[in-house]
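Student: Hi! Could you walk me through this structure in plain words?

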Amino acid sequence: MSDVTVIGVDELTALVAGILANAGFGPDHAGAIARTIVAGERDACKSHGVYRIEGCLRTLKMGKTVPDAVPVLHRDDSAVVRVEAGGGFANLALETGLPALVERTRALGVAALVINDCTHFAALWPEVEALAGHGLASIAMCPSYATVAPVGGSQPLLGTNPFAFGWPRPGEFPYVFDFATSVAARGEIELYRRAGKQLPEGWAIDRDGNPTTDPAQALDGAMLPFGGHKGSAISTMIELLAGAMIGDFTSPQALEFLGTTTIALRHGELIIAFDPARLSGGRGDPLVRGELLIEAIAGQGARLPSQRRFAARRQSLADGIRLTAEEMAELSRLRQGGLDAVR
Ligand code: NDP
C-alpha cells in the first residue's frame, strides 16, 4: 500500500470543512477556515496546513472562539473598513471585508481593513495575494502571543508578529513576502529540543535574559526578533499599529487572555491597500517600473519570495495534494472523534 494519498484541492477542502463542522463550527466558518488550511497545504506551507486543524478544534474546545460568530461589516465613505469578528475566526471576517477594502482603495487610492476581536492562526499571504489579484499593492500585519523579548530586554513581550507585502505583477503570480518578525518560530525551537540539538547563536535568551543555545532554556525564556534592533522595532510597530492603534490586543494581552500558546490567537489584524495607478500620479506605469526591478532581481539568479510556494501550488493543482499516511490517519481521527479527539 502506498504511504502517500493524492487528493484534489476541492476534495480536501470538503474533508477539512466536514471535520470543522462536525466539531461544532458553523458552516460559513468551517468553509472559510478549510479554504485557508487547504491553501497552506496546497502551497507546501506545512506549518499552516492540515496540521493546524487540531489547534482550531482545541481553541473551540477551550471555549476561546465563537464557532458561529457572524462578522459585522462597518463601512462608510472614509478609507477605513472595519469588520467586527465577534470572537470568531479571522478567515470569514477577511472574506467579509475584502470586497469593501478593494472598493474603498479604488475610490480613494489608499484604504485600510481593520479586523477586530478575531481568532487567528493563519499566514498572511492569502490577504495580500487576494488584493494583488485586484491589481492592488498591500501590507498586512498582526500581533501574536508574547514569546519574543525586545532586543536589549530580558522578558517575552513582543509576538512573532507576522508581516506580509503583496505587489501585483503581470502573469500568474504577484510579488509576495510573508514572514514572522522573530528569528525563528517557537515550533522550530521545540524541534531542536526534541532532536537534542543546540540552537544557532542569536535565536534566544534564557529566563534571566542571558543568550542561550539550549532549546529548553530558550523555551523557558524568550525568542529574539530577526535583524537585531531593526526587527525589534518592526515588531514593536506591528504591536502599535495592529494592536494599540486599532483598539485590540497586543501580544502580552493576547497571551493573558488565552493563558496558553497551544491554541489559536485572539487579537486584531490590519491590512492597508494601495492603488498603484492612483499613487503614481501619472508618473509612469508603476507596474511596468516594478517589473524592471523584480526581473533584475530574478535575473541575478536570486530567488524571489514565494517562488517556492508558487512552484508547490502549480504542482498541487496539476497533480493533487500529497498527504502522508500519518496525515490521513489524523484527518480520520479528528473526523470521527470531533472535539473528543483533541489532545
Ligand atoms: P520563512 O522564513 O519560511 O519565509 C518568509 C518569506 O521569505 C516567504 O515569503 C518565503 O517564500 C521567503 N523566502 C524564504 N527563503 C527565501 C530565500 N532564500 N530567498 C528569497 N525568499 C525567501 O517564514 P517564517 O517562518 O518567518 O513565517 C512562516 C509563516 O508563518 C508566515 O506565513 C507567517 O505569516 C506565519 N506566521 C503567522 C503568525 C500568526 O500569528 N498568525 C505568527 C508568525 C508567523 P516561500 O514561501 O516561497 O518560501
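Tutor: Sure! Let's begin with a term: a salt bridge is a side-chain nitrogen of Lys or Arg within 4 Å of a carboxyl oxygen of Asp or Glu. Glutamate 330 forms one with arginine 333, with 3.0 Å between the closest N and O atoms.

Student: Before we go on, what kind of model is this?

Tutor: It is a predicted model, where local features need pLDDT of at least 70 and side-chain atom pairs count only at pLDDT 80 or more, while totals for chains, interfaces and linings use all residues. Residues are numbered from 1 along each chain as its sequence is written, and side-chain values use heavy atoms, with hydrogens and water left out.

Student: Back to that pair, where do glutamate 330 and arginine 333 sit?

Tutor: They sit in helix 13 (residues 325-337), and because they are 3 residues apart there, about one helical turn separates them. Helices here are DSSP runs (H or I, at least four residues), strands are E runs of at least two, and both are numbered from the N terminus.

Student: Is glutamate 330 buried or exposed?

Tutor: In between: glutamate 330 is partly exposed, at 24% relative accessible area. Arginine 333 is also partly exposed, at 21%. The cut-offs are under 20% relative accessible area for buried, over 50% for exposed, and partly exposed in between (1.4 Å probe, protein chains only).

Student: How many salt bridges does the structure hold?

Tutor: It holds 18. Arginine 35 and glutamate 95 make one of them, their closest N and O atoms being 3.0 Å apart. That pair links distant parts of the chain, 60 residues apart: arginine 35 belongs to helix 2 (residues 27-42) and glutamate 95 to helix 4 (residues 90-108).

Student: Which residues are linked in a network of salt bridges?

Tutor: Arg42, Asp43, Glu129, Arg309 and Arg313 are.

Student: And what does aspartate 220 pair with?

Tutor: Aspartate 220 forms a salt bridge with arginine 207, at 3.4 Å between the closest N and O atoms. Aspartate 220 is in helix 7 (residues 215-220), and arginine 207 is 13 residues away, in the loop between strand 8 (204-205) and strand 9 (211-212). Arginine 207 is exposed at 54%, whereas aspartate 220 is partly exposed at 43%.

Student: New topic: threonine 212. Where is it?

Tutor: Threonine 212 is in strand 9, and it is buried, with a relative accessible area of 8%. Leaving out residues up to four places away in sequence, threonine 212 touches Leu199, Ala204, Ile205, Asp206, Gln217 and Ala218. Touching, or contact, means heavy atoms within 4.5 Å.

Student: Now the sheet. In what order do its strands come?

Tutor: The 7 strands of this open sheet follow the order 2-3-4-11-5-6-7, with mixed pairing. Two strands pair if DSSP finds at least two bridges between them. Strand 2 (72-74) and strand 7 (175-179) are the edges, as each pairs on one side only.

Student: How many bridges join strand 4 to strand 11?

Tutor: There are 9 bridges between strand 4 (residues 110-120) and strand 11 (residues 265-274), and the two run antiparallel. Leucine 113 stands opposite isoleucine 271 of strand 11.

Student: What does helix 4 touch there?

Tutor: Helix 4 packs on the sheet and touches strand 2, strand 3 (80-84), strand 4 and strand 11, and its direction makes about 170° with that of strand 4. For such angles, axes are lines fitted to C-alpha atoms, for helices over the stretch in contact, and angles run from 0 to 180 degrees between N-to-C directions.
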